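Visitor: I would like to see how the labels are justified, value by value. Can we start once the model is on display?

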Amino acid sequence: MNFARIAALLAAFLFGSASAVLAAERPPRLVEFESPLAGPQALQGYLRLPDGAGPSPAVVLLHGCGGAWRGIDARWGKRLADWGYVTLTIDRFGARGITSACTGGMPPATLHDAYRALNFLGGQSSVDMNRVAVVGFSQGAMLALLSVERGEIERSATEKFRAAVGFYPPCSGLKGNMTVPTLIMIGELDDWAPAQECRNLAEGRDDWGISREKGKGFPIEIIVYPGAYHDFDVPNFATPVKVLGHHLEFNEAARDQSVDALRKFLYATIGGKEKQP
């Protein structure tokens with residue numbers, strides 16, 4: 001055991017809960033699950049279990065068009081496990097030989113991946129299948145919303161999600177007739193996934209400002225963070241970068257507010273162990 005770990009554990013025992021430190025240090029387990037491919041390699045992901053006896057609520061995490069699923073697990077999987085959720089962060093690209101999907105749109109082969117992950121969780125005794133949410137980022141956020149929007153993808157699934165969250169999703173093209181409570185968090189200055197398109201979606205208007213039929217499905221909650229760009233939760237972009245002409249920048253205030261909003265939304269919809277201050 002190194003000195004840093006000893007110091008962290010000592011601080012936890014003196015000032016808080018040691019279980020949170022131990023949970024954060026516990027590495028994720030690499031798992032393979034059902035593959036839609038003809039090839040031998042199954043889809044894979046990182047599975048994290050919270051402390052305590054299950055079954056527990058769970059969250060499926062979906063990465064964006066650049067892949068980087070391990071980064072999603074490191075930023076959010078650890079945190080959610082600490083809150084009391086089982087997490088499964090899936091790799092939508094690796095088994096398919098995809099390195100990036102930022103220019104060609106959503107790979108059609110990935111459209112049912114959220115439900116493939118959900119079906120895998122159904123075989124885990126640690127998971128309460130009545131309390132599973134899907135959370136996505138960028139292109140993965142669009143997939144999360146598509147997965148719970150009333151339509152072919154949702155209708156074809158046997159197991160169902162109970163809530164959905166999209167971090168900075170491209171909202172154009174979505175119908176907005178949601179089958180579960182839904183939260184969108186996006187930056188006001190996002191030039192890759194415009195906030196106005198998501199406002200239109202949440203307010204029941206299409207891209208031309210025409211109101212859709214009201215009273216269908218669950219309402220969409222939206223939080224727009226002033227001064228925030230795409231990928232506002234990624235500390236690697238503390239120094240802003242341009243990708244395909246789009247501005248990516250970490251925003252600590254927006255990230256911290258989104259952490260709080262996600263915690264409250266998940267607790268209200270699928271429940272969890274509230275982390276005590």
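Visitor: Where do Arg116 and Asp113 lie?

Guide: Both are in helix H4 (residues 113-121), three residues apart, which is about one turn of the helix. Helices here are DSSP runs of H or I with at least four residues, strands are runs of E with at least two, and both are numbered from the N terminus. This is a predicted model, in which local features need pLDDT of at least 70 and side-chain atom pairs pLDDT 80 or more, while totals for chains, interfaces and linings use all residues. Residues are numbered from 1 along each chain as its sequence is written, and side-chain values use heavy atoms, without hydrogens and water.

Visitor: What makes Arg116 and Asp113 a salt bridge?

Guide: The term requires a side-chain nitrogen of Lys or Arg within 4 Å of a carboxyl oxygen of Asp or Glu. The N to O distance between the side chains of Arg116 and Asp113 is 2.8 Å, so the pair meets the definition. Salt bridges that share partners join Arg96, Asp113 and Arg116 into one network.

Visitor: How many salt bridges does the structure hold?

Guide: Ten. Among them is the one between Arg75 and Asp233, at 3.2 Å from N to O. Arg75 lies in helix H3 and Asp233 in the loop between strands S8 (220-225) and S9 (241-243), so this bridge ties together parts 158 residues apart in sequence. Another joins Arg131 and Asp128, at 2.9 Å from N to O.

Visitor: Why is Asp233 called buried, and why is Arg131 called partly exposed?

Guide: Buried means under 20% relative accessible area, exposed over 50%, and partly exposed in between (1.4 Å probe, protein chains only). Asp233 has 2%, so it counts as buried. Arg131 has 26%, so it falls in the partly exposed range.

Visitor: How many disulfides are there, and what makes Cys65 and Cys102 one of them?

Guide: The structure holds two. A disulfide is a pair of cysteine sulfur atoms within 2.5 Å. The sulfur atoms of Cys65 and Cys102 are 2.0 Å apart, which satisfies that limit. The torsion about their S-S bond is about 90°, so the disulfide is right-handed. Cys65 sits in the loop between strand S3 (56-62) and H3, and Cys102 in the loop between S4 and H4, so the link spans 37 residues in sequence. Cys65 is buried at 10%, whereas Cys102, at 21%, counts as partly exposed.

Visitor: Which cysteines form a disulfide with their sulfur atoms 2.0 Å apart, besides that pair?

Guide: Cys171 and Cys198 do. Cys171 is in the loop between strands S6 (163-167) and S7 (182-187) and Cys198 is in helix H7 (residues 195-203), so parts 27 residues apart in sequence are tied together. Cys171 has a relative accessibility of 4% and counts as buried; Cys198, at 0%, also counts as buried. In sequence order, the bonded cysteines pair 1-2, 3-4.

Visitor: Where is Tyr85 placed, and why is Tyr85 called buried?

Guide: Tyr85 is in the loop between helix H3 (69-83) and strand S4 (86-91). The relative accessible area of Tyr85 is 2%, so the residue counts as buried. The Tyr85 side chain reaches the backbone oxygen of Gly271 at 3.0 Å. Tyr85 and Val127, 42 residues apart in sequence, are 8.7 Å apart in space, C-alpha to C-alpha.

Visitor: How many helices and strands are in the protein chain, and how many of the residues are buried?

Guide: The chain has eight helices and ten strands. Of its 277 residues, 49% are buried.

Notes: Polar contact = N/O pair within 3.5 Å; in protein donor to acceptor, adjacent residues only side chain to side chain.
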